[in-house]
Protein chains: 2
Amino acid sequence: MEPEPNPNDMASLSLTTPTPTPDGVEVEVEGDAGSSSSISKSKAKKDAKKAEKAEKAAQRQQARSRPAAVTSESDEPDPLSSNYGDIPVEDIQSKFITGRTWTGVKDLCAEMKDKRVLIRGAAQVIRPVSKKMAFLVLRQSMSTVQCVLVVSKDIVSPQMVRFATSLSKESIVDVEGVISVPNDPIKGTTQQVEIQVRKLYCVNRAVPNLPFNIEDASRSETEFKKAEESGEQLVRVGQDTRLNHRVLDLRTPANHAIFGIQSQVEKVFRQFLESEGFRGIHTPKLIAGSSEGGAAVFKLDYKGQPACLAQSPQLHKQMTICGGFGRVFEVGPVFRAEDSYTHRHLCEFVGLDVEMEIKEHYFEVCDIVDRLFVAMFNHLNKNCSKELESINRQYPFQPLKYLPETLRLTYDEGIQMLKEAGVEIEPMGDLNTEAEKKLGKLVSDKYNTDFYILTRYPLGIRPFYTMPCYDDPAYSNSFDVFIRGEEIISGAQRIHLPDLLTERAEKCGIDVNTISSYIDSFKYGAPPHGGFGVGLERVVMLFCGLNNIRKSSLFPRDPQRLTP
Amino acid sequence: MEPEPNPNDMASLSLTTPTPTPDGVEVEVEGDAGSSSSISKSKAKKDAKKAEKAEKAAQRQQARSRPAAVTSESDEPDPLSSNYGDIPVEDIQSKFITGRTWTGVKDLCAEMKDKRVLIRGAAQVIRPVSKKMAFLVLRQSMSTVQCVLVVSKDIVSPQMVRFATSLSKESIVDVEGVISVPNDPIKGTTQQVEIQVRKLYCVNRAVPNLPFNIEDASRSETEFKKAEESGEQLVRVGQDTRLNHRVLDLRTPANHAIFGIQSQVEKVFRQFLESEGFRGIHTPKLIAGSSEGGAAVFKLDYKGQPACLAQSPQLHKQMTICGGFGRVFEVGPVFRAEDSYTHRHLCEFVGLDVEMEIKEHYFEVCDIVDRLFVAMFNHLNKNCSKELESINRQYPFQPLKYLPETLRLTYDEGIQMLKEAGVEIEPMGDLNTEAEKKLGKLVSDKYNTDFYILTRYPLGIRPFYTMPCYDDPAYSNSFDVFIRGEEIISGAQRIHLPDLLTERAEKCGIDVNTISSYIDSFKYGAPPHGGFGVGLERVVMLFCGLNNIRKSSLFPRDPQRLTP
């Protein structure tokens with residue numbers, strides 16, 4: 001019943017099907033590998049400039065003449081010509097199912113010595129050494145491996161080496177070859193083995209002139225400093241250039257690591273909350289009224305009705321609590337039409353939201369924050385060391401200091417600490433970015449933690465749905481959480497009494513008609529509840545000590561950027 | 001460092017703090033429970049109408065006179081008055097942290113006989129039996145338990161019974177009591193134990209006149225039929241009424257089950273894909289051009305630039321593949337400004353999206369679909385029987401038939417099956433809803449499966465980014481997946497060659513200028529890839545055989561509905 005490729009098609013597959021090689025041949029090849037490796041260390045540097053020239057020439061030649069079938073630039077016929085070339089378009093249009101085994105670059109290791117492997121990757125580096133030899137560095141995600149082509153009778157022809165050096169950087173290639181293990185460590189690749197290339201096919205060529213090179217985009221400040229000291233000129237890729245060509249920029253090891261961390265943050269968020277009886281939900285992003293009030297709302301026409309993009313899932317997540325859901329979380333986009341052009345604001349970001357019934361006290365919510373984030377930080381430090389190292393190489397940072405049980409201070413205690421340090425704060429006003437930073441430093445010095453909770457904020461600076469304190473209505477049952485002196489989480493007990501909610505909304509200048517279905521929700525029996533919201537990009541940025549939230553957003557949106 | 005409630009405050013806590021009761025008293029009470037249980041069976045029916053009348057009267061009396069402190073409607077002083085009443089507002093404003101142990105209704109079982117428990121729940125049923133006795137059914141999510149109040153010296157006063165019967169339905173209450181196990185099964189509650197009430201406090205009263213009762217909203221067609229046969233009139237809650245008051249509607253057992261299933265579908269989706277090396281990503285919903293073309297796009301002003309809401313994460317998920325991410329998935333909102341007012345279209349839904357490099361053939365994508373959904377269906381059947389039963393009780397459905405390895409047919413084979421059954425289809429046109437249904441029936445009869453994949457669709461009816469077939473450009477490397485004769489998944493190999501992509505976009509009438517950053521992504525070395533998208537609400541709807549997608553969306557958005 002299942003359509004299989006026509007067996008006749010399979011016959012024409014010699015181009016991409018591996019032909020088994022007797023073990024003897026592979027061992028013989030291993031000898032080559034040893035010598036090539038030593039060459040790679042001694043000659044590589046000397047030939048670098050020459051190579052680059054040759055590469056550019058080859059690229060220019062290739063640029064506009066992309067062949068539809070096997071490339072043979074030489075006039076002499078090559079009996080080994082089926083071992084290399086550009087794969088014809090139709091061969092990558094789901095023509096075959098060969099069942100060949102593909103190996104991942106990250107899995108290549110010394111234990112695989114002499115094994116024949118098949119790999120697809122991006123040609124990050126193409127380095128001609130001579131007419132008889134060339135290196136290729138193949139990349140897959142954060143892993144790279146060095147591939148060696150050495151002319152060898154009946155195995156690698158000079159034409160094949162020429163084909164290899166004609167490839168443009170970042171082209172997608174299939175390499176078949178034998179694993180060898182050089183005596184000396186390989187600099188510049190993650191995997192400490194080489195592949196002695198037997199077959200090499202180009203799947204899809206990149207344009208020869210990339211907006212920038214991945215190596216340039218991957219350099220750390222340390223490298224720039226070193227180069228400057230030695231009088232070398234390195235290309236520096238600016239942030240806008242990166243973001244304009246984000247698909248290239250994303251290929252750097254640090255970026256793969258950053259989004260690896262991002263996915264792990266979300267994973268722990270979900271797993272921890274599920275284990276605590278929370279249920280994942282999805283609330284609408286198209287709503288009739290604004291969810292948080294204020295001007296920072298994107299408006300649109302919804303089939304003739306005025307609509308807003310939700311500034312948070314606040315109203316609807318509370319409504320699921322009124323629906324008896326008990327404990328919920330949501331991961332979804334949040335839209336803020338703010339004009340903030342800072343290092344930490346985006347017009348669209350990913351909100352991690354939590355809402356839960358509370359029995360007595362909003363500290364029940366703080367308890368969840370505490371345990372959730374400690375579990376998250378522990379997980380990242382324990383299981384993502386490769387990613388953290390990779391980020392650290394390009395963007396050095398100090399590991400986050402945090403306590404097994406998260407420190408809680410009241411807002412007044414925070415103000416007092418600032419006061420004692422000579423920083424005067426309007427007691428019932430909000431902390432500005434500078435004061436937050438300063439308090440973070442004071443807390444870090446005094447309590448040895450970069451992660452803490454500040455509770456009991458003045459009511460006047462919190463959203464209308466925040467529950468006032470029982471003993472002083474100037475304060476509220478609310479909290480913010482800080483990492484490295486920057487706010488990442490806001491949370492509170494909510495008002496579950498419809499009359500009080502209406503009163504507070506009106507006092508805050510909200511048109512209660514636009515949120516009547518929200519307010520009505522509390523009339524049908526609503527339990528006391530609270531919750532919090534946190535920006536995914538901010539967690540990643542601050543855990544990794546990044547200096548700009550655009551680094552932790554796949555395709556960032558700010559007041560000036562809507563593409564790519 | 002952690003602010004604790006003032007110990008002086010704790011002293012005033014007698015209202016909500018349990019006082020330990022000697023075992024002897026509890027056993028004596030257990031005797032009462034036995035007799036009350038037999039009453040509950042014999043008297044309940046007879047007294048139903050009378051009770052309802054009394055209840056309504058009590059509700060009316062309560063309606064506008066919500067007391068701020070303990071209610072005592074009687075003029076006689078009650079020495080037991082601290083055992084019941086309305087909790088003062090300030091007591092639920094995070095005044096206390098008592099450390100009391102709360103029990104979940106779902107955890108109540110016969111093994112807990114004679115144990116004293118503390119429970120918070122919604123008062124789903126309030127049934128006065130006499131001046132000396134009343135029943136309360138407390139609900140938490142899908143679980144319910146019967147609570148019994150019987151006047152008993154020094155334990156339950158007549159005033160306390162009166163207070164209980166004064167509660168409005170759906171009010172949130174705290175009950176403290178002793179578990180008893182009646183001899184006969186308890187009809188109408190999930191838990192087969194009763195709670196002999198010792199203390200009863202109202203946390204938050206519901207308005208006395210709810211838009212509808214949860215019992216009415218929970219009835220099945222079977223119940224309606226039975227009632228009709230016996231000449232009884234039952235209240236039927238229409239879909240718009242339900243959706244207008246969604247927080248009430250969400251409280252039905254079937255709805256709790258539906259959204260339990262929804263969260264499980266997402267959970268399996270993530271876990272399966274993560275185990276296969278996929279990474280969760282988040283792409284922007286605010287984009288410059290439309291992602292799928294066509295008119296069904298919400299437009300808005302983005303800081304002076306024209307913007308669209310993404311109709312799918314298509315372009316950006318492909319761009320992460322160009323960024324070397326290898327295998328990605330996304331769960332996020334998808335916006336379609338379609339005018340479809342059908343049982344299966346929404347203007348906003350949750351998209352489950354997958355994109356992956358393919359080595360040779362788009363069947364690699366079909367393989368993921370196959371194994372993912374079989375794993376998902378197996379998981380739901382194995383681990384969610386309680387939820388499925390609960391849905392089945394209100395909305396009866398046949399379990400989904402599916403094969404261990406999913407059936408694949410070509411589009412032409414499908415057309416042929418329809419033709420043989422007398423249904424003529426325009427061979428290169430799309431299947432309409434009717435033809436899909438019919439083909440689903442034919443496939444179900446012939447292959448015994450409600451879940452199958454239809455491959456190799458005509459190119460003309462697929463999006464511009466779909467890869468044409470290598471052997472016939474009138475067809476494409478694409479597929480749809482069906483459950484119970486309705487399409488739920490669309491997938492394909494994508495065009496990774498920028499020239500072909502531009503050509504196809506132009507042919508499909510897309511303004512390539514609006515998607516230039518997308519097309520450029522393929523110029524820098526793009527691997528062959530494919531993927532698919534599926535609507536979360538549709539999976540839930542069709543797995544559970546629901547008749548309307550609004551039943552599987554928390555707060556559905558259709559052309560006429562933007563609230564709640």
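These legends go with close-up views of the contact between chain A and chain B in a predicted model.

**View 1. Chain A and chain B around their rotation axis.** Turn chain A by 180°, with 0.0 Å of shift along the axis, and it lands on chain B with an RMSD of 0.1 Å. That is what a two-fold axis does. If you want a landmark, pick Leu300(A): its C-alpha sits 2.6 Å from the axis, the closest approach of any residue in chain A. Both copies use the same surface here, and 100% of the contact residues of chain A turn up again in chain B.

**View 2. The buried surface between chain A and chain B.** Each chain puts residues into this contact: 119 from chain A and 119 from chain B. Between them, the two chains bury about 10100 Å², with 59% of that on carbon and sulfur atoms. On the chain A side, Glu360(A), Tyr470(A) and Tyr524(A) lose the most area to chain B, and together they make up 9% of what that side buries.

**View 3. Charged and polar pairs across the interface.** The salt-bridge rule picks out eight pairings between chain A and chain B. One of them joins Arg270(A) to Glu266(B), with 3.2 Å between the closest N and O atoms. Count polar contacts instead, and you get 59 residue pairs, both partners at pLDDT 80 or more. Helix H8 of chain A, residues 253-275, supplies nine residues to the side that touches chain B, the largest share. Sorted by class, that side of chain A has 58 nonpolar, 30 polar and 31 charged residues.

How values were computed. Residues numbered from 1 in each chain as written. Chains lettered and ligands numbered in written order. Predicted model: local features only at pLDDT ≥ 70, side-chain atom pairs only at ≥ 80, totals over all residues. Heavy atoms only, no water. Least-squares fit on C-alpha atoms with pLDDT ≥ 70 in both. Contact = heavy atoms within 4.5 Å. Buried area = accessible area lost by both parts, 1.4 Å probe. Salt bridge = Lys/Arg side-chain N within 4 Å of Asp/Glu carboxyl O. Polar contact = N/O pair within 3.5 Å; in protein donor to acceptor, adjacent residues only side chain to side chain. Helix = DSSP H or I, 4+ residues; strand = E, 2+ residues; numbered from the N terminus. Nonpolar A, V, L, I, M, F, W, Y, C, P; charged D, E, K, R; others polar.
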